[in-house]
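Q: Please take a close look at one part of this structure for me, and then carry on from there to other spots worth pointing out. I'm in my first year, so plain words would help.

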Amino acid sequence: MKAWWRQRTLRFRLAAWYGAGGTLLLAIFSATLYSYVAETMARPLDSELRQDLAEIRQRLAITAEGVVLWDRAGATSQARWNSENPWFELWNEQGELVRRFWPFTESRVESMPVAPEPGRDRISIFNVARDLRLRVLSVPYAVPARSETWMIRVMTVHRPMADGLGALRLIIAGALPVVVALLVLGGYALTRRWLKPLDLMVAEANRITAEDLGRRLPVVNPHDELGQLAEVFNVTLDRLEESFVALDRFVADASHELRTPLTTLRNVGEVGLRRSRTVEEYREIIGSMLEEAQRLQLLTQRLLELASTEGDAPTVEHLPVRLDELVRRCVGELGILAENKSQRFLLETPECTAQTDAVLLRQAVQNLVDNAIKYSPAGTTIQIKVREAGDHWVIEVTDEGPGIGVEHRSRLTARFFRPDSGRDRGRGGFGLGLALTKAYLRLLGGTVEYAPAPGGGSTFRLTLPRV
Ligand code: ADP
C-alpha cells in the first residue's frame with residue numbers, strides 16, 4: 001500500500017488528502033449539527049411526555065385485584081378516551097397489554113406498537129398509520145397493591161417538526177457525497193493548475209543535455225516556490241554552462257598550444273636525420289630538441305596547475321604570513337634572471353602580516369616579477385611596493401617596459417593570451433602566467449589589476465583582504 005501510494009503523482013496524493021480530510025471534517029460537522037438539532041427539536045415533545053407521565057401517576061391507580069382506576073373511578077375500555085387526557089398503555093409483568101388509553105378507533109390504526117422492553121426507560125417512535133406517527137416514552141411503573149412492576153407507555157403525536165430531522169438527515173446524506181466529490185475534483189483541478197509550472201519544468205529539463213546547455217527552465221511566477229526553484233536551477237545551469245564552455249575552450253587552447261612545440265620537436269628531429277652530420281651538429285640538434293621538450297614539460301605543468309585551481313579547489317590556508325619577507329624571497333629567487341639583464345629591484349615594504357596562503361601568494365607574486373623581468377628592457381628598474389589600503393593589502397609590481405596596449409588590457413588574464421605572441425614566444429611565455437595569478441587571487445579572495453605606469457611601463461596590482 002505504501003509503495004502504491006508513493007507511486008502516485010503529487011497531484012493525486014494532494015487531491016486524495018484533500019478529499020479525505022474534507023470528508024472527515026464534513027462528517028464531524030454534520031454529525032455535530034444533526035445531534036444538536038435532534039436534541040433541540042425533540043426536547044419540547046419529550047418534556048410534554050414527562051409531564052403527561054407525572055399526571056398519569058397522580059390520576060391512575062391499580063387495585064390489588066388488578067382493576068385500573070382513573071381519577072378513582074373505574075376506567076372502561078368502551079368509552080372513547082378524551083383526547084385532552086394523556087394517552088398511555090399499561091403492560092403487566094407478563095408482558096401482556098392490560099389497557100390502552102388513546103382516542104383512536106381500531107380502524108384508524110393500521111399497526112399496533114410492539115410490546116415494550118420490561119424495566120427500560122426509553123423513547124421510541126412508532127408508525128401506527130401512514131399519516132400517524134407516535135413518539136412513545138416507556139417507563140417501569142410500580143404497582144404497590146400487587147407488589148409488581150408493570151410498564152407504562154406514554155404517547156403523543158410525533159409532530160412534523162420532528163420530521164424536519166429526517167429531512168436534515170436526507171439532506172446530509174445526499175449532499176455529503178456531492179460535496180466530497182466536489183472537494184476531490186476541485187482539489188485535483190487546483191493542484192493540477194498550481195503544479196502546471198512543474199510539468200513545464202520537467203519537460204524543459206528533459207531537453208537539457210550537455211550539448212544543449214543553453215536551455216533554461218521556465219519561471220512562471222518568480223514569487224512562488226516553484227518559480228524560485230526554477231530560478232535557482234537556472235543559476236546552477238548558468239554555472240554549469242560556463243564551466244562547460246571554459247572546459248571546451250581550455251581543451252581547444254591546450255591542444256593548440258601543445259601542437260606547436262610537438263611540431264617543432266618533430267621537425268628538428270626529421271631535419272637532423274635527413275643527412276649524416278658531425279657529432280657537434282647532432283649535439284646541437286639534440287640540445288634544441290631537449291629545450292623544446294623542457295618547454296613542453298613546463299607547459300603541461302602549468303596547465304595542470306591551472307586545472308587544479310578550477311576543479312576541486314585546493315585547500316587554501318589562512319595563516320599569518322609576513323608579506324615583506326615573502327616579497328623579499330621572491331625577489332631573491334628571481335634575482336639571477338634580473339642580473340642577467342642588468343635590471344635592479346627597488347623594494348618598498350613595511351613589516352606587515354596578512355592572513356593568507358603563503359604558497360599561492362608567492363606563486364602569484366613570482367609570476368608578476370617574472371613578467372616584469374621578461375618584458376622590460378635591460379638596465380631598467382623594477383619596483384615592488386607593499387602597502388595598506390583600508391581593509392586590504394596591496395602589492396604592486398611596476399616596471400619600465402613597453403606597457404600593454406589599451407586594446408589588450410581587458411583580456412590580459414585570459415588563458416593563452418599573448419598580445420604579441422611573435423615577440424613574446426622567444427621569451428618562453430605560454431600566456432598562462434596572468435591567468436594563473438588571477439586564479440590564485442580568486443582563491444585568496446583578492447584581485448589582480450593592470451594599470452599603466454607613469455613613463456610607459458606597467459603596474460600589476462594584487463589586492464588581498466586583510467582578514
Ligand atoms: P606569458 O608571460 O607566459 O606569456 P602571462 O599571462 O604572464 O603569459 O602574460 C600574458 C601576456 O601579457 C604576455 O605575453 C605579455 O605580452 C603581456 N605582459 C605580461 N606582463 C607584462 C609586463 N610586465 N609588461 C609588458 N607586457 C606584459
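A: Let's settle one word first: two residues are in contact when they have heavy atoms within 4.5 Å of each other. Also keep in mind that what you're looking at is a predicted model.

With that word in hand, go to Glu292, which sits in helix α6, residues 279–310. If you skip the neighbours within four places in sequence, Glu292 is in contact with Pro261, Thr264 and Leu265. Is this residue buried or exposed? Glu292 has 15% relative accessibility, and because buried means under 20%, Glu292 counts as buried.

Now slide along to helix α5, where you'll find Leu247. Leu247 is exposed, with a relative accessible area of 52%. Try finding Ala307 from there: along the sequence Leu247 and Ala307 are 60 residues apart, and in space their C-alpha atoms are 9.4 Å apart.

Helix α5 also takes part in a salt bridge. Arg216 pairs up with Asp238, and their closest N and O atoms are 2.8 Å apart. Arg216 is in the loop between α4 (196–207) and α5 (225–273), while Asp238 is in helix α5 itself, so this pair links distant parts of the chain, 22 residues apart. Both partners are partly exposed: Arg216 has 22% relative accessibility, and Asp238 has 36%.

That pair isn't alone, as the count for the model comes to 26 salt bridges. Another one joins Arg50 and Asp121, with 3.6 Å from N to O. Arg50 is in helix α2 (residues 10–59) and Asp121 is in the loop between β5 (97–101) and β6 (122–129), so the salt bridge ties together parts that lie 71 residues apart in sequence. Arg50 is partly exposed at 39% relative accessibility, and Asp121 is partly exposed too, with a relative accessible area of 44%.

For a salt bridge between strands, look at Glu396 and Arg461, whose side chains meet at 2.6 Å, N to O. Glu396 belongs to strand β13 (residues 392–398) and Arg461 to strand β15 (residues 458–465), so here the parts being tied together are 65 residues apart in sequence. The two partners fall into separate classes: Glu396 counts as buried at 9% relative accessibility, whereas Arg461 counts as partly exposed at 22%. Salt bridges can also share partners, and in that way Glu204, Arg207, Asp212 and Arg215 are joined into one network.

Next, follow helix α7, residues 323–340. How far apart should its ends be, going by 18 residues at 1.5 Å a residue? The expected span is 26 Å, and the end C-alpha atoms are 26 Å apart, so the two agree. The helix does have a kink of about 50°, centred on Leu334. Leu334 is also one of the buried residues of α7, and others among them are Leu323, Leu326, Val327, Cys330 and Ala338.

Just after α7 comes Ser342, in the loop between α7 and β10 (344–348). Its phi is near 50°, which is a positive value in a residue other than glycine. That's worth a second look because most residues other than glycine have a negative phi. Ser342 counts as exposed, at 54% relative accessibility.

Phe416 has a positive phi as well, near 60°. You'll find Phe416 in the loop between α9 (406–409) and α10 (421–425). Unlike an exposed residue, though, Phe416 counts as buried, at 11% relative accessibility.

Let's finish back at the start of the chain. Trp4 has its place in helix α1, residues 2–7, and is partly exposed, with a relative accessible area of 41%. Together with Met1, Phe12 and Tyr188, Trp4 forms a nonpolar patch on the surface, and the accessible area of the four adds up to about 450 Å².

Technical notes: Residues numbered from 1 in each chain as written. Predicted model: local features only at pLDDT ≥ 70, side-chain atom pairs only at ≥ 80, totals over all residues. Heavy atoms only, no water. Helix = DSSP H or I, 4+ residues; strand = E, 2+ residues; numbered from the N terminus. Buried < 20%, exposed > 50% of the residue type's maximum accessible area, 1.4 Å probe, protein only. Expected span 1.5 Å × (residues − 1). Bend = angle between axes of the 7 residues up to and from the residue. Patch = residues over 30% accessible without salt bridge, like charges linked within 9 Å, V, L, I, M, F, W, Y side chains within 5 Å. Areas by Shrake-Rupley, 256 points an atom, 1.4 Å probe, with all protein chains shown as cover.
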